[in-house]
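Visitor: I'd like a close look at one part of this protein, taken slowly. Could you pick a strand and walk me through what surrounds that strand?

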Amino acid sequence: MRFYLGTHMPSWLTKPELENVPLFISHRRLKQYRTLRPARTAWALDSGGFTELSMFGEWRTRPSDYIAAIRRYRDEIGSLEWASPQDWMCEPYILQKTGRDVVWHQYATINNLLELRFEAPELPIIPVLQGWTRDDYLRHVDYYAKCGIDLDREPLVGLGSVCRRQHTAEAADITAALQPLNIHAFGAKGDAIAKYGRLMTSCDSMAWSYAGRNRPDPTCARKTCSNCLHYALDWRQKAQQEKDPDNAQ
Ligand SMILES: [Zn+2]
């Protein structure tokens with residue numbers, strides 16, 4: 001399983017300590033920088049949809065602007081492995097913001113991918129599954145097929161709106177139902193990696209940052225470790241080594 005460390009700090013892309021640690025960074029952060037430096041590590045791009053839909057109840061970033069930004073990141077930063085589309089999450093909180101239902105969000109997510117791939121076929125933009133129940137996700141796979149996209153043939157398929165939920169068992173059940181797709185789980189919590197990391201091709205997580213807020217390292221001079229590289233690397237290593245308590249050998 002490939003684990004992308006989520007970070008708010010684009011400067012981490014150039015840190016020698018992170019040369020073999022793939023990063024996950026949001027377009028919302030990167031777009032603020034006029035100067036970008038070449039990365040020393042591989043990374044993937046988050047479109048920042050959760051924040052944008054939370055704030056506006058719709059996508060305000062035009063697909064053409066998003067494409068221009070991805071091309072710029074590819075050229076100026078380099079080492080970009082893949083980018084998220086401008087997908088539509090299906091958490092009840094987000095549905096309330098947009099005033100649309102799950103099926104609308106699912107088709108809007110496919111529409112956006114088709115548009116991005118049509119306009120920029122050279123960019124590595126991945127399809128993303130959205131939904132709320134297990135059946136929603138399975139139906140979304142069918143919708144993709146109807147629109148001409150066979151997810152079985154995709155090297156990576158993002159799985160959205162799963163990891164933020166409280167019940168890890170439900171998230172594990174959904175991920176299992178989508179096998180044998182090559183799943184990337186967005187925003188995985190620490191216990192998700194232990195519980196069902198074996199069902200993922202990859203995942204990303206910023207959970208270390210929340211954990212670091214309340215549990216600073218006693219050897220660290222800062223009040224909180226929510227932005228500390230040492231804390232992120234420790235957390236990443238522990239999360240990858242943790243065993244599923246229900247399945248311990
Ligand atoms: Zn620290």
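Guide: Let's take strand S2 and work outwards from there. Keep in mind that this is a predicted model, where local features need pLDDT of at least 70, side-chain atom pairs count only at pLDDT 80 or more, and totals for chains, interfaces and linings use all residues. Numbering starts from 1 along each chain as its sequence is written, and side-chain values use heavy atoms, with hydrogens and water left out.

S2 covers residues 23–26; strands here are DSSP runs of E, at least two residues, and helices are runs of H or I, at least four, both numbered from the N terminus. In a regular strand, side chains alternate between the two faces of the sheet. In S2, Leu23 and Ile25 sit on one side, Phe24 and Ser26 on the other, and all of them are buried, meaning under 20% relative accessible area with a 1.4 Å probe, protein chains only (over 50% is exposed, and in between is partly exposed).

Now the neighbours. Strand S1 (residues 2–6) pairs with S2 in the parallel sense over two bridges; pairing requires that DSSP finds at least two bridges between the strands. Glycine 6 has phenylalanine 24 as its bridge partner in S2. Strand S3 (residues 43–46) also runs parallel to S2, joined by four bridges, and here serine 26 stands opposite aspartate 46.

What about the packing? Leu23 is listed among the residues with the most contacts inside the largest nonpolar core, which has 63 residues; Trp43, Leu45 and Leu129 are also on that list. A nonpolar core is a set of buried Ala, Val, Leu, Ile, Met, Phe, Trp, Tyr and Cys residues joined through side-chain atoms within 4.5 Å. Apart from this core lies another, of eight residues, including Tyr4, Phe24, Ala44 and Val128.

Leucine 129 is worth a look too: not counting residues up to four places away in sequence, this leucine touches partners including Tyr137, Val141, Leu151 and Leu178, where contact means heavy atoms within 4.5 Å.

Further along the chain comes helix H2 (residues 49–56), where Gly49, Glu52, Leu53 and Ser54 are buried. Those buried residues pack against helix H1 (27–30) and helix H4 (92–98). Just after H2, glycine 57 takes a positive phi of about 70 degrees.

For contrast with the buried strand, try lysine 238 in helix H10 (residues 229–241): lysine 238 is exposed, with a relative accessible area of 56%.
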